[in-house]
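This briefing goes through selected features of one protein model, taking its sheets and the helices beside them in turn and closing with a single residue. Please read it alongside the sequence and the coordinates.

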Amino acid sequence: MSDELAGRLASRTLALVDIASESGDEESILAEIRQLVPSDRFAVVDDGEGVLLFMPAQRRPGAPLLLLAGHVDTVPAAGNLPGRLEGDAVLGRGACDMKGALAVLIEVASWGDVLGASDLDVGLVCFGREELPITESVLLPLLARRPELAEAAFAIVMEPTANALEVGCMGNLNATVRATGRAAHTARPWLGENAVHTAIRALAPVVDLPTRDVEVDGLVFREVVSVTRIEGGEARNVIPDRVVAHLNVRYAPTHTPAEAEARLRELLGATTLELEIVGNAPPGPVAVCNPLLGRLRDAGDLAVGPKQAWTPVAEFATAGIDAVNFGPGDPKYAHRDDERVEVAALVRTTEIMRAFLTGSGRTAEDA
């Protein structure tokens with residue numbers, strides 16, 4: 001490991017962590033990134049609300065366009081700001097998801113010699129509001145207003161993957177169900193209609209539903225349905241007349257959003273529950289046939305697996321862009337109070353990106 005590179009990546013990650021950027025409040029960190037990306041190599045072609053798009057200052061005829069993408073927002077801090085260096089790791093809100101990856105992206109942007117010699121043109125997409133529902137996405141509007149991005153040959157979404165290559169992503173459906181009844185005294189429950197009892201019976205098929213494995217191109221995605229929140233009732237001695245529950249459905253890339261909604265309605269059956277779909281982010285397709293995926297895999301002899309979560313890979317797919325997930329953060333630390341990223345992981349991502357851009361195959365560390 002290069003001590004100079006490790007120190008630079010650690011310092012930059014820590015500096016980015018210390019810029020609070022909870023979803024919807026990303027102006028400061030976007031302004032910082034704009035200052036750090038070399039203006040002689042990259043031109044800012046879009047700086048709409050919550051987003052920065054950098055393109056090569058000079059596009060080369062015939063050079064495929066690669067997009068490196070990362071979100072700049074975080075979930076709310078939980079006593080983990082400012083960040084700190086502890087041993088060989090950077091700790092603090094966003095260190096894993098995904099300011100360490102942004103530090104790598106900025107490092108790559110500084111490589112004038114590598115970028116100039118690569119057969120790929122590199123663009124950078126930095127955006128906010130990723131941690132919010134897809135209805136508040138700033139990436140989708142960017143892709144819609146910049147049709148030239150559809151020319152991209154490949155996109156690497158630098159989500160936490162612990163330096164594995166994770167393809168596709170799960171669809172993410174959120175729904176609210178409501179059960180209504182009639183209030184009564186608990187001494188005479190037969191005079192009322194218990195909404196909690198109604199909800200328990202109606203939700204039983206969901207609670208008892210086993211995980212369903214779906215294989216796509218040899219990779220197994222695990223479909224799950226969960227009740228994540230339930231509330232209702234007014235007092236200990238009152239039969240409740242209402243219950244509201246939240247359901248979350250994660251579904252494989254083989255299904256459309258409409259099919260996922262239909263399956264949920266089928267699970268609930270002919271009940272008295274009122275069902276409201278409050279959000280449905282589509283899954284991302286598995287882009288295993290893209291030759292640049294193979295080149296990235298070979299650059300670090302990377303393990304390839306499915307993404308058991310939703311990521312912006314799905315949004316790039318709406319513009320016809322093949323995308324994968326690859327980044328230094330370990331997913332197990334994402335959103336935790338002790339969120340962290342290992343400095344060695346930052347260095348490894350950087351070295352793999354250099355090998356990928358130069359087409360030199362496996363990194364020296366792997367050889």
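Strand 9, which covers residues 171-180, pairs with strand 15 in the antiparallel sense, and seven bridges join the two. This pairing belongs to a predicted model, as does everything that follows. Within the pair, Arg178 stands opposite Glu274 of strand 15.

**The five-strand sheet**

- Strands 9 and 15 are part of an open sheet of five strands, whose order is 11-12-14-9-15 and whose pairing is antiparallel.
- The edges are held by strand 11 (212-216) and strand 15 (274-281), each of which has a single partner strand, so one side of each is left without a neighbour in the sheet.
- From one strand to the next, the twist in this sheet averages 20°.

**Helices on the five-strand sheet**

- Helix 6, made up of residues 195-207, lies across strand 9, strand 12 (219-232) and strand 14 (242-251), and runs at about 10° to strand 14.
- Helix 7, made up of residues 257-268, also packs on the sheet, where it touches strand 9, strand 11, strand 12, strand 14 and strand 15, and its direction makes about 150° with that of strand 15.

**The three-strand sheet**

- An open sheet of three strands, with antiparallel pairing, follows the order 4-5-18.
- Strand 4 (84-86) and strand 18 (340-342) are the edge strands of this sheet, each pairing on one side only, and the twist from one strand to the next averages 25°.
- Strand 5, comprising residues 89-91, runs antiparallel to strand 18 and is joined to it by three bridges, with Ala89 standing opposite Glu342 of strand 18.

**Helices on the three-strand sheet**

- Helix 1 (residues 3-17) packs on this sheet and touches strand 4, strand 5 and strand 18, while its direction makes about 5° with that of strand 5.
- Helix 3 (residues 95-109) packs on the sheet as well, touching strand 5 and strand 18, and its direction makes about 45° with that of strand 18.

**Asp121 and its surroundings**

- Asp121 is placed in strand 6, which spans residues 121-127.
- Because its relative accessibility is 3%, Asp121 counts as buried, the cut-off for that class being under 20%.
- The side chain of Asp121 makes a polar contact, at 2.7 Å, with the side chain of Arg59.
- When neighbours within four places in sequence are left aside, the residues in contact with Asp121 are Pro56, Gln58, Arg59, Arg60, Ala63, Pro64, Leu65 and Leu66.

Notes:
Residues are numbered from 1 along each chain as its sequence is written. This is a predicted model: local features need pLDDT of at least 70, side-chain atom pairs count only at pLDDT 80 or more; totals for chains, interfaces and linings use all residues. Side-chain values use heavy atoms; hydrogens and water are left out. Two strands pair if DSSP finds at least two bridges between them. Helices (H or I, at least four residues) and strands (E, at least two) are DSSP runs, numbered from the N terminus. Axes are lines fitted to C-alpha atoms, for helices over the stretch in contact, and angles run from 0 to 180 degrees between N-to-C directions. Contact means heavy atoms within 4.5 Å. Buried means under 20% relative accessible area, exposed over 50%, partly exposed in between (1.4 Å probe, protein chains only). A polar contact is a pair of N or O atoms within 3.5 Å; within protein, one must be able to donate a hydrogen and the other to accept it, and residues adjacent in sequence count only if both atoms are side-chain atoms.
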